[in-house]
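Q: Could you take a close look at a single part of this protein for me? I'd like to see how one helix sits in the whole fold, so start with the overall picture and then zoom in.

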Amino acid sequence: MTSPQPAAGPVRMRPVLSTVPAYTPGRPPEPVEGVTAYKISSNENPFPPLPSVLEAVARAATTVNRYPDMGVTELTAALAERLGVPTTHLATGTGSVAVLGHLIGVTCDAGDEVVYAWRSFEAYPIVVALAGATSVQVPLDADARHDLDAMAAAITDRTRLVLVCTPNNPTGPAVREDELRAFLAKVPSDVLVVIDEAYLEFTTEETVPDALALYREFPNVAVLRTFSKAYGLAGLRVGYAVAREEVATALRKAATPFGVSDLAQQAAVASLAAYDELEVRVKELVAERERVVAALRDQGWAIPDAQGNFVWFPLGDDAVPFAQACQARALTVRPFAGEGVRASVGETEANDRLIEIAGEWLVSREG
């Protein structure tokens, strides 16, 4: 006789999931007849991979039946040589956001606090909550910059990690070295400070910090970087952290086994070898960013200092309507409802269309 089956019910999951915001990716462009569609909502590099990088990926593709090098040995050695750090101070992962998740995982227990500016990278509250930690969000100042004094004041006995996103995504400004040094002097030595430099290569201000110098000076500093933006490898997912050996060793323990694919490893190695070629592209994007910012400010927009590969429109409640106006012209931007819109620096035609739409928007509002 068959035993009665228990009544079906929902699978029990962690209550915190009901409070975790879903990550909202940049929408693909919707076609508009007779108009070329552009996606400038995800801070992607508009340039295709270099030929030498494509060749490395093609070679790696012939062995995808094998597991990748779990130690990421060749890439780690290349990074160590380029950055002038020991290989034991490096840890890699599937994009810098994955490495960040591991950083929080190795430092935070349930109820521990992570301090960061807000608005900042939208993955921060997600990875903090999933680790069981508590987000402490400190508002940006009136110029859309980190308020480092307020962040220092927000640190408590429960704080285990502090995030400094510079340049800040999505608003654009970078922190200054002098203010970051003053901030680090206030942070307890047992609290890890993570300097998230996903957009480092696009910075032009002389006052931006030398994060690697700070990591060498302050044992509780870790530097987070990625190959997604300036290197144009967003689709391959590879990022890394530079930290003291104790932290880096913990990160390697926490990493997903064989997480960084061989395609990603080989593409990153080839990209480091071809950095002179990539730097030309970065300079072109920076020049285009400066052109876009100047044009928007000439129209009357209060665009914050832009140090990444994107610009920020502080639109408040008009963020979604502005994004819809762009979408109607086959241009996808990234709205943050009630706050603003981030637009990546993309192809020249896309940037020109953004400037045109932005100008028309101001005229319509003033009229």
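A: Take the contacts between residues at least 6 apart in sequence: 73% of them join residues at least 24 apart. Keep in mind that this is a predicted model. The fold is built from twelve helices and twelve strands, and 51% of the 367 residues are buried. On overall size, the radius of gyration is 22 Å, which agrees with the value near 21 Å for a compact globule of 367 residues. Along the principal axes, the C-alpha atoms fill a box of roughly 65 × 65 × 55 Å.

As for the outside, about 17000 Å² is exposed, with carbon and sulfur atoms supplying 54% of that area. The charge count is 31 positive and 47 negative side chains, and the centres of the two sets are 5 Å apart.

Now zoom in on helix α8, which runs over residues 245-254. Its buried residues are Val-247, Ala-248 and Leu-251. Look down the axis of α8 and those buried residues fall within an arc of 95 degrees, so they line one face of the helix. What do they pack against? The partners are two helix-and-strand neighbours from earlier in the chain, β2 (90-93) and α3 (96-107), plus the strands β6 (192-196) and β8 (239-242). Flip to the face of α8 turned away from that buried side and you find Glu-246 and Lys-253, both exposed. That gives α8 a buried side with Val-247, Ala-248 and Leu-251, and an exposed pair, Glu-246 and Lys-253, on the face turned away from it.

How values were computed. Residues numbered from 1 in each chain as written. Predicted model: local features only at pLDDT ≥ 70, side-chain atom pairs only at ≥ 80, totals over all residues. Heavy atoms only, no water. Helix = DSSP H or I, 4+ residues; strand = E, 2+ residues; numbered from the N terminus. Rg over C-alpha atoms; globule rule 2.2 N^0.38 Å. Buried < 20%, exposed > 50% of the residue type's maximum accessible area, 1.4 Å probe, protein only. Contact = heavy atoms within 4.5 Å. Areas by Shrake-Rupley, 256 points an atom, 1.4 Å probe, with all protein chains shown as cover. Lys, Arg positive; Asp, Glu negative; His and termini not counted. Charge placed at Lys NZ, Arg CZ, Asp CG, Glu CD. Arc of directions from axis to C-beta.
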